[in-house]
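The exercises below are meant to be worked with the sequence and the structure side by side. Try each task before you read its solution.

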Amino acid sequence: MTTHSQSIAPPAPSETVKLRYGSLEISSDQGGTVYVDGQRHQELEPFAVLALSNLQAGRHTVRVEKPTYRTEQQEVTVRPDQVAKAEFRLTPLVPTANSEATGGQPAARAKQPLWNAAPTTEREIEIAARKYEFDPNVITVKNGERVKLVVTALDHDHGFKLAAFKINEVLKKGEPTTVEFTADQVGTFPFECSHFCGVGHGKMKGKLVVTER
Ligand SMILES: [Cu+2]
């Protein structure tokens with residue numbers, strides 16, 4: 001057993017600091033834009049998890065906004081060296097009769113409410129590829145779902161390799177590339193850029209998380 005001597009030296013600053021920080025994992029069933037204490041973080045895909053480490057312990061206000069959904073807000077207490085979770089379920093806003101009657105919008109538009117589409121087993125996710133990241137870089141889907149990724153290289157030719165599903169595509173700059181597969185294995189599977197794009201190429205990675213139904 002180790003015995004620590006009583007030292008008069010103050011604890012190393014890194015130790016002191018570490019104790020006051022924790023982590024926070026944020027997810028939303030519909031995705032959306034995440035704000036923590038009013039600061040914009042990032043856009044989440046449905047069920048993807050935004051993990052914030054080194055968040056100061058204490059109370060934080062987490063908000064998720066998504067067009068056509070009601071904005072939701074939670075107060076979350078982050079404890080030192082622990083992982084707090086904020087899970088959101090967003091409720092679709094229902095278009096009011098009033099909004100259809102005003103504004104001179106064509107009636108045809110009301111027939112196709114974007115946010116009321118019937119549930120489908122196909123999951124379509126848009127991904128941007130740029131030096132040197134995929135955005136989003138964590139994609140979460142459910143086991144058995146048909147997944148359609150639309151990947152667009154914004155700044156340069158890139159590649160998209162998801163070896164576990166035998167996918168490897170060149171992404172021509174500016175041209176959306178569609179990748180389809182069935183998420184038939186549960187687990188976490190890395191994907192990466194497979195077309196050399198510069199010094200940060202080797203770091204251009206992400207992961208696909210396939211959860212149990
Ligand atoms: Cu690359």
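**Exercise 1.** In this predicted model, find the strand that holds Thr-188, and decide whether Thr-188 is buried, partly exposed or exposed.

*Solution.* Begin with the position along the chain: Thr-188 belongs to strand S15, which covers residues 187-192. Next, count the neighbours, which gives 12 other C-beta atoms within 10 Å of Thr-188. A residue is called exposed if this count is 12 or fewer, and therefore Thr-188 is exposed. Finally, look for contacts beyond four places in sequence, where Thr-188 touches Lys-207 and Val-209. Ile-139 stands 49 residues away from Thr-188 in sequence, yet their C-alpha atoms are 9.6 Å apart in space.

**Exercise 2.** Carry out the corresponding analysis for Glu-43, asking which strand contains Glu-43 and how exposed Glu-43 is.

*Solution.* The strand is S3, made of residues 39-44. Around Glu-43 there are 15 other C-beta atoms within 10 Å. Since partly exposed residues have counts between the exposed limit of 12 and the buried limit of 20, Glu-43 is partly exposed. As for distance, Glu-43 and Val-64 are separated by 21 residues in sequence and by 9.1 Å in space, taken from C-alpha to C-alpha.

**Exercise 3.** Describe the open sheet that contains S1, and explain why S4 and S7 each have one side without a neighbour in the sheet.

*Solution.* First write down the order of the three strands, which is S4-S1-S7, with mixed pairing. Strand S4 (49-56) and S7 stand at the edges and have a single partner strand each, so one side of each lacks a neighbour in the sheet. From one strand to the next, the twist averages 20°. Then examine the pair S1 and S7, which run parallel and are joined by six bridges; for Ser-23, the bridge partner in S7 is Val-83.

**Exercise 4.** Where does the largest nonpolar core lie in relation to domain 1 and domain 2?

*Solution.* Start with the core itself, which has 31 residues, and note that Ile-26, Val-34, Ala-129, Val-151 and Phe-160 have the most contacts inside it. Several strands give two or more residues to this core, among them S1 (21-28), S8 (122-130) and S12 (158-162), while S11 gives the largest share, four residues. Domain 1 (18-88) and domain 2 (121-211) both contribute residues, so the core lies between them. To finish, take Ile-26 as an example: beyond four places in sequence, Ile-26 touches Val-34, Val-49, Leu-50, Val-62 and Ala-86.

Terms used:
Residues are numbered from 1 along each chain as its sequence is written. This is a predicted model: local features need pLDDT of at least 70, side-chain atom pairs count only at pLDDT 80 or more; totals for chains, interfaces and linings use all residues. A nonpolar core is a set of buried Ala, Val, Leu, Ile, Met, Phe, Trp, Tyr and Cys residues joined through C-beta atoms within 7 Å. Domain bounds come from an automatic or database domain assignment. Two residues are in contact if their C-beta atoms, placed from the backbone, lie within 7 Å. Two strands pair if DSSP finds at least two bridges between them. Axes are lines fitted to C-alpha atoms, for helices over the stretch in contact, and angles run from 0 to 180 degrees between N-to-C directions.
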